[in-house]
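Trainee: Could you take me through one part of this structure closely, and then show me how the surrounding parts connect to it? I would like a connected account that I can follow with the model open beside me.

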Amino acid sequence: MARERSPALWLHTQPSVTRKMPVCHRILLLLWLLHFSSVYSDITDGNAEHLKREHSLIKPYQGVGTSPSSQWDFWGSTLVTSQYVRLTPDERSKQGSIWNTVPCYLKDWEMHVQFKIHGSGKKNLHGDGFAIWYTKERLHPGTVFGSSANFHGLAIFIDTYPNDEAPDRSFPYISAMVNNGSLPYDHGKDGRSTELGGCSVEIRNKDHDTYLAVRYSKGRLTIMVDVDDRNDWKECIDIGGVRLPTGYYFGASAATGDLSDNHDIISMKMYQLMVEHTPEEDNQDWTKIEPSVSLLKSPKDNIDDPTGNFRSTPLTGWKVFLLLLCALLGIVVCAVVGAVVFQKRQERNKRFY
């Protein structure tokens with residue numbers, strides 16, 4: 001994944017443009033560039049970071065199997081070929097999964113998933129979808145896209161069939177959930193009551209592969225997608241206050257019911273992010289952290305939200321930009337008012353001489 005050219009670099013290479021701008025315009029441009037660069041720096045191209053092969057699933061899928069030395073194990077209908085790992089075929093009532101056998105002890109990481117969902121089913125006559133997991137348990141079959149509903153950790157759901165048929169949401173739909181084992185995923189309601197956020201994406205029967213990126217760094221979870229194969233990442237979910245322990249396992253699972261699809265994983269590439277932590281954070285036992293999300297309201301309150309998304313999520317990049325813009329405008333207004341008042345006082349003083 002090639003990274004977009006940095007807007008900050010563009011600014012430095014265009015001195016004639018910025019010199020002609022008024023000071024206030026320069027400040028506004030700088031704020032916009034800071035926001036823009038922060039969005040595109042969220043996704044690594046894999047060059048500046050470190051690929052962790054023990055947590056990556058890459059062609060020709062060496063190390064996949066049931067032997068003690070295998071780094072990936074699979075279950076159910078999963079078929080491993082030289083070109084893809086098919087979790088389910090386009091057949092009814094199938095479940096399959098593939099799991100990393102090596103626990104991950106990285107505090108900051110980014111997972112890139114290249115996948116393909118395709119089948120003979122027409123609109124709304126296909127299903128059910130697949131999930132990407134970072135959980136305490138592995139190889140636990142269940143009712144949630146082939147895995148257990150009461151999991152500990154993080155799950156990213158790529159849901160292709162609307163079970164509750166609500167008119168306000170289009171499918172396929174990507175959502176995220178953090179669980180400590182106390183909240184079951186409600187498949188009948190498409191997980192609305194426990195989701196952290198989500199987005200609708202067109203990902204079925206594409207002529208090209210589709211991509212999903214999951215980043216966890218310093219308590220922030222960011223999920224982005226590239227479904228047009230243009231190396232153009234679009235933000236799907238961005239939320240802070242997420243606490244995930246180390247020592248969990250990565251995996252992927254899929255399921256079909258009365259409707260079906262081929263759910264293929266092309267690759268799962270894990271990158272270590274080089275992030276500095278405070279001494280207190282470094283001395284903490286990250287394996288004892290309880291999976292949780294610090295929100296202003298409980299996930300259960302999300303039931304009454306017709307959009308299925310949280311209103312009380314932390315500030316996103318655009319919100320920060322707007323706040324800074326409002327603050328800047330307030331300062332400018334105060335400065336102008338102050339200048340006018342000062343000038344009038346000066347005029348009044350002249351009248352007395």
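Mentor: What follows is a walk outward from one strand to its sheet, the cores, some backbone features and the cysteines. Please keep in mind throughout that this is a predicted model.

The part I would choose is strand β7, which covers residues 129–135 and is mostly covered, with 7 of its 7 residues buried. The burial holds on both faces of β7, since G129, A131, W133 and T135 on one side and F130, I132 and Y134 on the other are all buried. On one flank, β7 pairs with strand β8 (residues 152–159) in the antiparallel sense over 7 bridges, and within that pairing I132 has I156 of β8 as its bridge partner. β7 also pairs with strand β15 (residues 249–255), again in the antiparallel sense and over 7 bridges, and here W133 stands opposite G251 of β15.

These pairings belong to a wider arrangement, for β7 is one of 7 strands that form an open sheet in the order β2-β5-β15-β7-β8-β9-β10, with antiparallel pairing. At the edges of this sheet are β2 (72–76) and β10 (198–200), each of which pairs on one side only. Neighbouring strands of the sheet are turned against each other by 15° on average, when direction is ignored. As a general point, the strands of a sheet pair through backbone hydrogen bonds, either parallel or antiparallel. Following the order from β8 onward, the next pairing is with strand β9 (residues 173–180), antiparallel over 8 bridges, in which N179 of β9 is the bridge partner of G153.

From the sheet we can turn to the nonpolar interior. The largest nonpolar core has 48 residues, and W109, I156, L212 and I265 are those that touch the most other members. Strand β6 (residues 109–118) supplies the largest share of this core, namely 5 residues. You have already met I156 as the bridge partner of I132, and I265 leads back to β7 as well: if residues up to four places away in sequence are not counted, I265 touches L57, Y61, Y84, V85, L87, V113, Q114, F115, F130 and A252, of which F130 is one of the buried residues of β7.

Some of those names recur around T210, a residue of strand β11 (residues 210–217). T210 counts as buried because its relative accessible area is 0%, and, leaving aside neighbours within four places in sequence, T210 is in contact with V113, Q114, F115, K116, I203, D226 and V227. Thus V113, Q114 and F115 appear in the contacts of T210 and also in those of I265.

The backbone on either side of β7 also deserves attention. In the loop between β6 and β7 lies D128, and the peptide bond from G127 to D128 is cis, with omega near 0°. A cis peptide bond also runs from K59 to P60, likewise with omega near 0°, and P60 has its place in the loop between β1 (50–51) and β2. In the loop between β7 and β8 you will find F145, whose phi is near 50°, a positive value in a residue other than glycine. F145 is buried, because its relative accessible area of 0% is under the 20% cut-off. K218, which lies in the loop between β11 and β12 (220–226), also has a positive phi of about 50° although it is not a glycine.

Finally, consider the cysteines, beginning at the edge strand β10. The structure holds 1 disulfide, which joins C199 to C236 with an S to S distance of 2.0 Å. The link of C199 and C236 is left-handed, with -105° about the S-S bond. Because C199 lies in strand β10 and C236 in strand β13 (residues 234–239), the pair ties together parts that are 37 residues apart in sequence. Both C199 and C236 are buried. As for other cysteines, C104 counts as buried because its relative accessibility is 0%, whereas C326 is exposed, with a relative accessible area of 52%, which is over the 50% cut-off.

Notes:
Residues are numbered from 1 along each chain as its sequence is written. This is a predicted model: local features need pLDDT of at least 70, side-chain atom pairs count only at pLDDT 80 or more; totals for chains, interfaces and linings use all residues. Side-chain values use heavy atoms; hydrogens and water are left out. Buried means under 20% relative accessible area, exposed over 50%, partly exposed in between (1.4 Å probe, protein chains only). Helices (H or I, at least four residues) and strands (E, at least two) are DSSP runs, numbered from the N terminus. Two strands pair if DSSP finds at least two bridges between them. Axes are lines fitted to C-alpha atoms, for helices over the stretch in contact, and angles run from 0 to 180 degrees between N-to-C directions. Contact means heavy atoms within 4.5 Å. A nonpolar core is a set of buried Ala, Val, Leu, Ile, Met, Phe, Trp, Tyr and Cys residues joined through side-chain atoms within 4.5 Å. A disulfide is a pair of cysteine sulfur atoms within 2.5 Å.
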